[in-house]
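Here is a short briefing on one protein model. Keep the structure open beside you and find each residue as it comes up.

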Amino acid sequence: MSWHTNRRAFLAASAVAALSPGVVRAAQVEPAADDAIARLYRGAMVIDGNLIGPFDSDAPLDHAMAGEVLSSGLTAFKMTIGGSTAAFDAVNADIKAIDKAIALSPNVYMKITTAADLMVAKRARRIGVIYSFEDAGMLEGKPENVDHFSALGVRVMQLGYNGVSPFASGVMAPQPSAGLTDLGREAIARMNAVGVTLDISHADERSSLEAVAASTRPVAITHAGCYSAYAHPRNKSDAVLRAVAESGGVVGIYGLSYISAGPEQQSLDDYMAHMLHALSVCGEDHVGIGSDAILTPFDTSPESMAQWDASIAARKAAGVSAPGEGRPPFVTGLNRSNRPEIIARALLERGQPVRVVEKVLGANFQRVFAETWRV
């Protein structure tokens with residue numbers, strides 16, 4: 001899911017692509033039923049590994065939208081810039097526009113460029129924004145461009161999207177996989193050197209395992225599911241999950257249609273099956289939340305759904321889609337700004353201790369960012 005420059009408010013890209021799903025309605029967030037959970041949530045470091053938020057590069061967010069964002073309870077979220085067809089010049093323009101949008105709403109947002117910034121955002125009750133790439137088109141096959149975009153504040157990068165890039169093969173690449181290329185190894189070395197987190201969410205099995213082996217820093221899967229919980233190309237095998245955990249990394253669990261067979265909307269039980277499986281394979285220090293959704297509630301009106309369906313058709317026509325795309329990018333019960341609070345409640349109800357809940361909410365991502373951003 002990614003952000004593209006838009007004059008008014010934001011183009012809310014789909015949770016699986018760089019295409020608009022339509023208007024997102026602001027919604028009142030209900031207070032937590034359990035005060036103890038609410039207190040836990042307010043005190044926790046809460047980081048979502050992949051979201052798109054509302055931005056306006058021409059004016060501050062209005063009062064209602066600003067309130068919706070702040071009521072999420074997030075400390076920070078990682079946001080994809082450039083989409084799945086990124087180009088160097090367009091991404092540079094997007095970064096400038098998002099920088100401007102954040103500057104126009106300083107009571108809401110804060111750009112995150114260091115691990116220390118996360119605690120600053122938490123204390124200031126502002127929402128941190130972590131810039132990231134999902135595609136590698138903007139790198140133009142040049143590992144040195146990692147340095148260029150790192151200097152502009154991009155802190156998380158992938159080696160490519162679903163297809164084949166100069167660096168690696170994605171989950172929908174032809175098989176047998178070509179795996180990590182020499183350029184890919186150079187790009188990983190540059191990320192390690194300049195303090196960029198390597199993200200392998202869209203890499204295929206071979207590329208993922210080879211990338212983890214090549215990295216000298218912890219590796220992240222910011223948004224994916226577990227293949228053992230539901231067999232889908234975008235979900236990760238236990239071998240990849242273990243490799244990421246052994247690197248010291250973190251796996252963010254998403255809520256996309258890829259976590260269940262359908263045709264009904266993916267449920268909270270579906271989501272928790274992936275979360276609990278990841279915890280059992282990776283351990284409590286290596287799992288987080290990577291919703292791959294829109295920060296504000298997804299609008300399911302007929303008009304919005306028509307736009308969503310058109311975006312999915314366009315992705316299929318462009319050859320960048322994965323099997324099973326079509327259902328909206330949210331889990332029933334989590335289509336709300338404070339979705340991590342509901343996940344925290346679900347973890348507690350399923351017997352997970354408070355320390356594990358705090359780690360999943362954001363402490364694990366915080367640690368990995370601290371270990372990978374230092375230079």
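Val-194 is a good place to begin, and it sits in helix α6, which covers residues 182–194. Keep in mind that this is a predicted model. The topics below run from single residues to a helix face, then to cysteines and empty spaces.

**Val-194 and its surroundings**
- Along the chain, Val-194 and Arg-155 are 39 residues apart. In space, their C-alpha atoms are separated by 9.4 Å.
- Which residues does Val-194 contact, leaving aside its neighbours within four places in sequence? They are Val-146, Asp-147, Ser-150 and Val-375.

**Lys-122 and its surroundings**
- Lys-122 belongs to helix α4, residues 115–124.
- Lys-122 counts as partly exposed, because its relative accessibility is 21%. The buried class is for values under 20%.
- Leaving aside neighbours within four places in sequence, Lys-122 touches Tyr-41, Arg-42, Gly-43, Ala-44 and Met-45. Thr-75 is also in contact with Lys-122.
- Ile-52 is 70 residues from Lys-122 along the chain. The C-alpha atoms of these two residues are separated by 19 Å.

**The two sides of helix α2**
- Helix α2 spans residues 63–70. Its buried residues are Met-65, Ala-66, Glu-68 and Val-69.
- Look down the axis of α2: the buried residues fall within an arc of 160 degrees, so they line one face of the helix.
- What covers these buried residues of α2? The cover includes strands β6 (109–111) and β7 (127–132).
- The face of α2 turned away from the buried side carries His-63 and Ala-64, which are exposed.

**Cysteines**
- A disulfide is a covalent bond between the sulfur atoms of two cysteines.
- How many disulfides does the model have? The count is 0.
- Why is Cys-226 not bonded to Cys-282? The closest cysteine sulfur to that of Cys-226 is in Cys-282, but it is 6.9 Å away, so it is too far for a bond. The cut-off for a disulfide is 2.5 Å between the sulfur atoms.
- Cys-282 is likewise in no disulfide, with the sulfur of Cys-226 as its nearest cysteine sulfur.
- Are these cysteines buried or exposed? Cys-226 is buried, with a relative accessible area of 0%. Cys-282 also counts as buried, at 8% relative accessibility.

**Cavities**
- A search of the whole structure turns up 4 cavities of 30 Å³ or more.
- The largest cavity has a volume of about 80 Å³.
- Among the residues lining the largest cavity are Ile-253, Tyr-254, Gly-255, Tyr-271, Ser-291 and Ala-293. The lining also includes Pro-329, Phe-330, Val-331, Leu-334, Arg-339 and Ile-343.
- By class, the lining of the largest cavity has 9 nonpolar, 2 polar and 1 charged residues.

**The second largest pocket**
- The second largest pocket holds about 200 Å³ of space.
- Its lining is made of 15 residues. Val-171, Asp-204, Glu-205, Pro-233 and Asn-235 lie nearest the centre of the pocket.
- Two elements, α7 (205–214) and β11 (235–236), each give two or more residues to this lining.
- Which element gives the most to the lining of the second largest pocket? Helix α7 does, with 3 residues.
- By class, the lining of the second largest pocket has 5 nonpolar, 6 polar and 4 charged residues.

Definitions and conventions:
Residues are numbered from 1 along each chain as its sequence is written. This is a predicted model: local features need pLDDT of at least 70, side-chain atom pairs count only at pLDDT 80 or more; totals for chains, interfaces and linings use all residues. Side-chain values use heavy atoms; hydrogens and water are left out. On a 1 Å grid over the protein atoms alone, a cavity is a set of points where a 1.4 Å probe fits but cannot get out, and a pocket is an open set with protein on both sides within 12 Å along at least five of seven lines; lining residues have an atom within 4 Å of a point. Grid points are joined across faces, edges and corners, and a volume is the space filled by probe spheres set on the points. Ala, Val, Leu, Ile, Met, Phe, Trp, Tyr, Cys and Pro count as nonpolar, Asp, Glu, Lys and Arg as charged, and the others, Gly among them, as polar. Helices (H or I, at least four residues) and strands (E, at least two) are DSSP runs, numbered from the N terminus. Buried means under 20% relative accessible area, exposed over 50%, partly exposed in between (1.4 Å probe, protein chains only). The arc is that of the directions from the helix axis to the C-beta atoms. Contact means heavy atoms within 4.5 Å.
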